[in-house]
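Me: I would like a close look at one aspect of this protein, namely the charged side-chain pairs and what surrounds them. Please take the structure below and walk me through it carefully.

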Amino acid sequence: MRPEAARSAQAAELFLARFGAAPDGVWLAPGRANLMGEHTDYNDGFVLPFALSQGTTAAAGYRPDRKLVLCSRQEPGREVELALDDLAPGQVTGWAAYPAGIAWALSATGYQVPGACIVIDSDLPAGAGLSSSAALECATALALIELTQPSPIPRPALAAIAQRAENEFVGVPSGIMDQSASLLGQAGHALLLDCRSLETAQVPFDPATADARLMLVNTRAKHELSDGEYGQRRAECEQAARLLGVPSLRSVTDVRELDRLADQVLRRRARHIVADNQRVLEVVELLRSVPGDTASSGRAPSSGGTPSSGGTPSSGGTADPYRDIGRLLTAAHVSLRDDFEVSWPEADATVDAALAAGAFGARMMGGGFGGSVLLLTGEATDSAVRAAVSGTFAGRGWTSPEFLDATPSSGARRLA
């Protein structure tokens, strides 16, 4: 049985065990890794995520009343029953707030939401910065709108609805990157997303064809985006933009403009955003320089002041684009650690150990203060890098890290 078929069967079996009947369908939404562009999304900037093979399934069955009944394999014994007509922000807490928020946001946007029983299962480690919350939202969204009819909502619009659920119902001030990656991802590609215009482009991305390996290291240091530090960083960026007289930091394309910021903290925050936007565009050009990968990629969304070529790399190709991408990953980590100050000890140690063992590059990923590290290595150094990171954790008495293959995969879909 194919892994996708096995996932569908497992979710259907769990639904049958909980509700005594087969579900009407099973939907899968993947988590995401972000190759480049951290904290740039809510600054109207560029991001370059891709959908993972790991994700969240939602087995759903229609019910004629106006109730939403939720349960999860990861929360055994906890069944949540909600009246759809009474949903309001702040009413639901914990994991159930995300699917409840989707039902609320769909209704608020004018879509009819049916009563449903939904069983959730996931192989995404929670708190690892792999967007398990967005995967939960997107799987639930597809289930609710496709239970009674084919989806009438274009994927970009559905991503915006899912973001609204997270922002307004759950209370997490996140950008639109995670939901876009989960809904719009394509196998073998990264998604270049302009968070100001919401234009997208699929960029071919298959490290294995260049004898490179991309992996995620779950440091097991949990993070919570609802904690205050994430919101504080967003507020600092907004304050910097106001002081510079621009609508968002996306409008700044030259770091020298930041000298006008007297506050050193705000200057550092803004410097990371401006530099990371540029790094996204540079990585895109490097990926398009990989032989055979440029024809189907489309072009970058308009940068609104930043050349779409993204800097010095040219589409004419480089000797080793993945090593160049690795250097940009490491530069991004230094920026996130020193300018944005969102790294954590396990991430810094992982990056240092991986680089010392021969990795092309590495950086912390996600909102920060816990979660995962993205490593880019060559096939020949993959085992040495894993051993070095594991040895570092053991030497410091930390819980062993979890290594996950990061394979650019397909976006959310209904399973057979």
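How many salt bridges does the structure hold?

Reply: The model is a predicted one, and everything that follows should be read with that in mind. The structure holds 28 salt bridges, and a few of these pairs can be followed residue by residue.

One of them joins the side chains of Asp121 and Arg73, with 2.9 Å from N to O. Asp121 belongs to strand E5 (residues 115-122), whereas Arg73 sits in the loop between strand E3 (67-72) and strand E4 (75-83), so this salt bridge ties together parts that are 48 residues apart in sequence. The two partners can also be described by their accessibility: Asp121 is buried, its relative accessible area being 9%, while Arg73 is partly exposed, with a relative accessible area of 33%.

Another salt bridge brings together the side chains of Arg213 and Asp405, at 3.0 Å from N to O. Here both partners come from strands, Arg213 from E8 (residues 212-221) and Asp405 from E11 (residues 402-405), and the pair therefore ties together parts that are 192 residues apart in sequence. Arg213 is partly exposed, at a relative accessible area of 22%, and Asp405 also counts as partly exposed, at 39% relative accessibility. This pair does not stand by itself, for Arg213 and Asp405 are linked with Glu379, Asp382 and Arg386 in a network of salt bridges.

A further pair is found within a helix, where the side chains of Arg279 and Asp276 meet in a salt bridge of 2.8 Å, N to O. These residues are three apart in helix H7 (residues 264-288), which means that about one helical turn separates Arg279 from Asp276. Arg279 is buried, with a relative accessible area of 9%, and Asp276 is likewise buried, at 0% relative accessibility.

Charged residues also take part in a helix contact. Two packed helices are described by the angle between their axes and the distance between the axes. In this model, helix H3 (residues 132-146) packs against helix H5 (residues 177-184) at an angle of about 55°, and their axes are 9 Å apart. With that angle, H3 is oblique to H5, and the crossing of H3 and H5 is right-handed. On the H3 side the contact is made by Ala134, Ala135, Glu137 and Cys138, and on the H5 side by Asp178, Gln179, Ser182 and Leu183. Sorted by class, the contact of H3 with H5 has four nonpolar residues, two polar residues and two charged residues.

Finally, two acidic residues deserve a look for their backbone. Most residues other than glycine have a negative phi, and most peptide bonds are trans. Asp44, although not a glycine, has a positive phi of about 65°; Asp44 lies in the loop between strand E1 (25-36) and strand E2 (46-63), and at 25% relative accessibility Asp44 counts as partly exposed. Glu341 also has a positive phi, near 55°, in a residue other than glycine. Glu341 is placed in the loop between helix H8 (321-338) and helix H9 (345-356), where Glu341 is partly exposed, with a relative accessible area of 33%.

Technical notes. Residues numbered from 1 in each chain as written. Predicted model: local features only at pLDDT ≥ 70, side-chain atom pairs only at ≥ 80, totals over all residues. Heavy atoms only, no water. Axes fitted to C-alpha atoms, helices over the stretch in contact; angles between N-to-C directions. Helix = DSSP H or I, 4+ residues; strand = E, 2+ residues; numbered from the N terminus. Parallel < 35°, antiparallel > 145°, perpendicular 65-115°, else oblique. Left-handed = near helix turned anticlockwise from the far one by under 90°. Contact = heavy atoms within 4.5 Å. Nonpolar A, V, L, I, M, F, W, Y, C, P; charged D, E, K, R; others polar. Salt bridge = Lys/Arg side-chain N within 4 Å of Asp/Glu carboxyl O. Buried < 20%, exposed > 50% of the residue type's maximum accessible area, 1.4 Å probe, protein only.
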